Amino acid sequence: MSEWVTRPLSVLADVRVSNVDKKSLPGEKPVLLCNYMDAYANDYIRSDIAFMEATASAAEIAKFKVDVGDVVVTKDSETPDDIGIPAVVTEQIDNLVCGYHLALLKTRKEFVDPVFLCKQLGSHEAARYFGQRAAGSTRYGLSNGALANFPVSLPGLPKQRKIATILSGIDTAIEKTEALIAKYQQIKAGLMHDLFTRGVLPNGQLRPSREQAPELYQETAIGWIPREWDVKPCADLCSRICVGIVIQPTQYYVEDGVPALRSANVREDGIDPNNFVYISAGANRLLAKSQVKTGDIVSVRTGYPGTSAVIPSEFQGANCIDILISTPNEKVISEYLCDWINSSFGKGQVLRQQGGMAQQHFNVGEMRELLVALPDLNEQERIRGRIKSASGKLAIEKALAEKLQAQKSGLMHDLLTGKVPVKVEEPEVGYG
């Protein structure tokens, strides 16, 4: 890293803190506004973002007009560890102006590559720097000086461009993977709707639709379903529906012991073992009522109520904290019931029971009353097989996305600190 130098941000870019608000005022010119979330949620500012329409004065437009090669940075946040989030402008967008709560960095391209600078501002080292200098109590902000004095480590321009190209390449791979995930999620949602309204015949085909063969269907409290099916509440399909530990669960926490599942561990695609808490073996015996066994279903009560997962064998005997636990009986396959709860048919009932408000508690009584479209066990297996196949494609893409994110994190550390050198054929350029 001997050829690297450190320069304050103010040497590499003109730092302009925007005061352009979201209002539309008479006498001002109409503009597109690059707002806080546009920068926060995107690595790259491009024309496919749905920018807000507003107005700005001629002076504001002159000072805060956004151009290719600019970097926008969030300068305010509710927490100090989530501030200074950058995005780089990679397309010229007519009439785009930087909005309030953002700083606009007009990069000096003779010294710094804009993408390289954006990646440096998005590094762990930058996050620590900004977090330490964010001022406030209920809301935090970065001063002009904190931004201007940020120390940027950088090699010559050719190496900056090479590093920017490498990191942009992995960003593109991540974007493509995320687009595939979104596509497969839509396909799976559509498939689940068809499967839970038409089922799967022994030949592996869906029944003809109700429009094609109305005689095959019956109208029920949860909509039209095949005539052979029943509608049952979860109370009839589960031998146990209860809630995990709710009274001072922290009193049972230990450094290492029996896993205790919380809402954060429950995902539609299974149990997420990250961020487990643990309770002692003695506490687990004392709280046997909220232990889970293989095949049980756990469901989130607050935040994303109804989100459910089946307990796999490796978590047999684990405990639960403030989530619902359901033990399916012989009438229903655990995975089928879990898929139903996660579908629009199950989630729709959960939200209706809560008046559409997702922050209320989803309780035992509501789970007991939740209605399920119930085919026979053989058809449940066939339906589950189709859903499992769609879920498998999703899981592959999600695993790839996680792998790419890990690679990106490692590359950013290695390349942006000079730990791993890059080779270029162009001559190095000075910094002035």
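Let's start with a term: a residue is buried when its relative accessible area is under 20%, exposed when that area is over 50%, and partly exposed in between, using a 1.4 Å probe and protein chains only. By that yardstick, Arg 384 is buried, with a relative accessible area of 18%, and buried residues make up 47% of the 432 residues in the protein.

This is a predicted model, where local features need pLDDT of at least 70, side-chain atom pairs count only at pLDDT 80 or more, and totals for chains, interfaces and linings use all residues. Residues are numbered from 1 along each chain as its sequence is written, and side-chain values use heavy atoms, with hydrogens and water left out.

**The big picture**

- You'll find 13 helices and 27 strands here; helices (H or I, at least four residues) and strands (E, at least two) are DSSP runs, numbered from the N terminus.
- The C-alpha trace spans about 80 × 60 × 45 Å along its principal axes.
- Take the contacts (heavy atoms within 4.5 Å) with a separation of 6 or more: residues 24 or more positions apart account for 77% of them.

**Helix α5**

- Ala 126, Tyr 129 and Phe 130 are buried in α5, which runs over residues 124-133.
- Those buried residues fall within an arc of 90 degrees seen down the axis of α5, so they line one face of the helix; the arc is that of the directions from the helix axis to the C-beta atoms.
- As background, an α-helix has 3.6 residues a turn, so residues three or four places apart point the same way.
- Turned away from the buried side of α5 is a face carrying the exposed residues His 124 and Gln 132.
- The cover over the buried residues of α5 includes α4 (114-121), α6 (144-148) and β13 (151-154).

**A three-stranded sheet**

- One open sheet has three strands in the order β7-β12-β11, with antiparallel pairing; two strands pair if DSSP finds at least two bridges between them.
- Its edge strands, each pairing on one side only, are β7 (76-77) and β11 (135-136).
- β11 and β12 (residues 140-141) pair over two bridges, and Ala 135 has Gly 141 in β12 as its bridge partner.

**Arg 384 and helix α13**

- Arg 384 sits in helix α13.
- Leaving out residues up to four places away in sequence, Arg 384 touches Glu 335, Tyr 336 and Asp 339.

**Cavity and pockets**

- On a 1 Å grid over the protein atoms alone, a cavity is a set of points where a 1.4 Å probe fits but cannot get out, a pocket is an open set with protein on both sides within 12 Å along at least five of seven lines, and lining residues have an atom within 4 Å of a point.
- Grid points are joined across faces, edges and corners, and a volume is the space filled by probe spheres set on the points.
- There is one cavity of 30 Å³ or more, and the largest cavity has a volume of about 50 Å³.
- Residues lining the largest cavity include Ser 123, His 124, Met 412 and His 413, and α13 gives the largest share, four residues.
- The largest pocket has a volume of about 1,200 Å³; of its 41 lining residues, Arg 267, Glu 268, Asp 269, Gly 270 and Lys 398 lie nearest its centre.
- α13 supplies the largest share of the largest pocket's lining too, with 11 residues.
- The second largest pocket has a volume of about 730 Å³ and is lined by 29 residues, with Asp 43, Ile 85, Lys 119, Gly 122 and Lys 408 nearest its centre.
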